Amino acid sequence: MRIFTFCAVALALTSPAFAQTLDEILAPRPDTAACWHRTYTDAHLAKHPQQKVTAVDFYLDYYEMDHDEAGKGSYSFSIDFTTRERKGGAGGLCHQGAQGKVTCGGDCDSGALTIRNSGTKGSLLVELLSGGMTLTDCEEDAPYYMSAEPDDKVFLVHPAACPSE
């Protein structure tokens, strides 16, 4: 019975009901944006002493260029990490693949990540791919590679107010 329950829960969490399209995460209207944030508590960090990230901000926006059809623009992202050692960020473009997976690729070969519904209203799971991410702007002389191992691979982020520009 336990195996059946485990399989049912695992199937539910990976089913299309938990999938979310980019258009559902952020409506494709020009100049729209959404933000998510998480600051890890001291108690959480004490339980995860190998976790480097102490805070994460994820920003997603939609824009259309003059040559784009309405609703056929692009999604860009930026992610900012505060680690136990320093701060850094990356950014790039997001797209939805044929299988429904939302993947975001960082500019300047900084790495890639996926985003998906966490199952909690409005919250997302941000997962680093390829073992980590280079945190820098494209011109910085000393990029910082943040390894996803052993405890910095998936981040639960919650809806937050976007900073004003």
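The disulfide between Cys 94 and Cys 104 has a torsion of about 100 degrees about its S-S bond, so this link is right-handed. In this predicted model, the sulfur atoms of Cys 94 and Cys 104 lie 2.0 Å apart, and the bond links distant parts of the chain, with Cys 94 in strand 4 and Cys 104 in strand 5, 10 residues apart. A search of the whole structure finds two disulfides, and the strands that carry these cysteines belong to a fold with a closed barrel of eight strands.

**The disulfide of Cys 94 and Cys 104**

- Cys 94 has a relative accessibility of 8% and therefore counts as buried, since the cut-off for that class is under 20%.
- Cys 104, at 0% relative accessibility, likewise counts as buried.
- The two cysteines also face each other in the pairing of their strands, as Cys 94 stands opposite Cys 104 in strand 5.
- Strand 4, which covers residues 87–96, and strand 5, which covers residues 102–106, pair in the antiparallel sense over five bridges.

**The disulfide of Cys 35 and Cys 162**

- Cys 35 and Cys 162 form a disulfide in which the sulfur atoms are 2.1 Å apart, and with 115 degrees about the S-S bond this link is right-handed.
- Because Cys 35 lies in strand 1 and Cys 162 in the segment after strand 10, the pair ties together parts of the chain that are 127 residues apart in sequence.
- Cys 35 counts as buried at 7% relative accessibility, whereas Cys 162, with a relative accessible area of 31%, is partly exposed.

**The barrel and its strand pairings**

- The protein has three helices and 10 strands, arranged along the sequence in the pattern α-α-β-α-β-β-β-β-β-β-β-β-β.
- Eight of the strands form the closed barrel, which runs 1-2-3-4-5-6-7-10 with antiparallel pairing, and the twist from one strand to the next averages 30 degrees.
- Strand 1 (residues 32–39) and strand 10 (residues 154–160) run antiparallel and are joined by three bridges; in this pairing, Trp 36 has Pro 159 of strand 10 as its bridge partner.
- Strand 10 also pairs with strand 7 (residues 124–128), again in the antiparallel sense and over four bridges, with Glu 127 standing opposite Val 154 of strand 10.
- In general terms, the strands of a sheet pair through backbone hydrogen bonds, in either a parallel or an antiparallel sense.

**The nonpolar core**

- The largest nonpolar core comprises 32 residues, and those with the most contacts inside it are Phe 58, Leu 60, Ile 79, Phe 81, Leu 113 and Ile 115.
- Strand 2, spanning residues 53–63, gives the most to this core, with five residues.
- Leu 60, leaving aside residues up to four places away in sequence, touches a set of residues that includes Leu 22, Ile 25, Trp 36, Tyr 75, Phe 77 and Ile 115, and Cys 94 of the disulfide described above is also among the residues that Leu 60 touches.
- As a general background, nonpolar side chains in soluble globular proteins tend to be buried together.

**The protein as a whole**

- Of the 165 residues of the protein, 35% count as buried.
- Among contacts between residues at least 6 apart in sequence, 51% join residues that are at least 24 apart.
- The accessible surface comes to about 10000 Å², and 55% of this area belongs to carbon and sulfur atoms.

Methods: Residues numbered from 1 in each chain as written. Predicted model: local features only at pLDDT ≥ 70, side-chain atom pairs only at ≥ 80, totals over all residues. Heavy atoms only, no water. Core = buried A, V, L, I, M, F, W, Y, C linked by side-chain atoms within 4.5 Å. Buried < 20%, exposed > 50% of the residue type's maximum accessible area, 1.4 Å probe, protein only. Contact = heavy atoms within 4.5 Å. Pairing = 2+ DSSP bridges. Axes fitted to C-alpha atoms, helices over the stretch in contact; angles between N-to-C directions. Disulfide = S-S within 2.5 Å. Areas by Shrake-Rupley, 256 points an atom, 1.4 Å probe, with all protein chains shown as cover.
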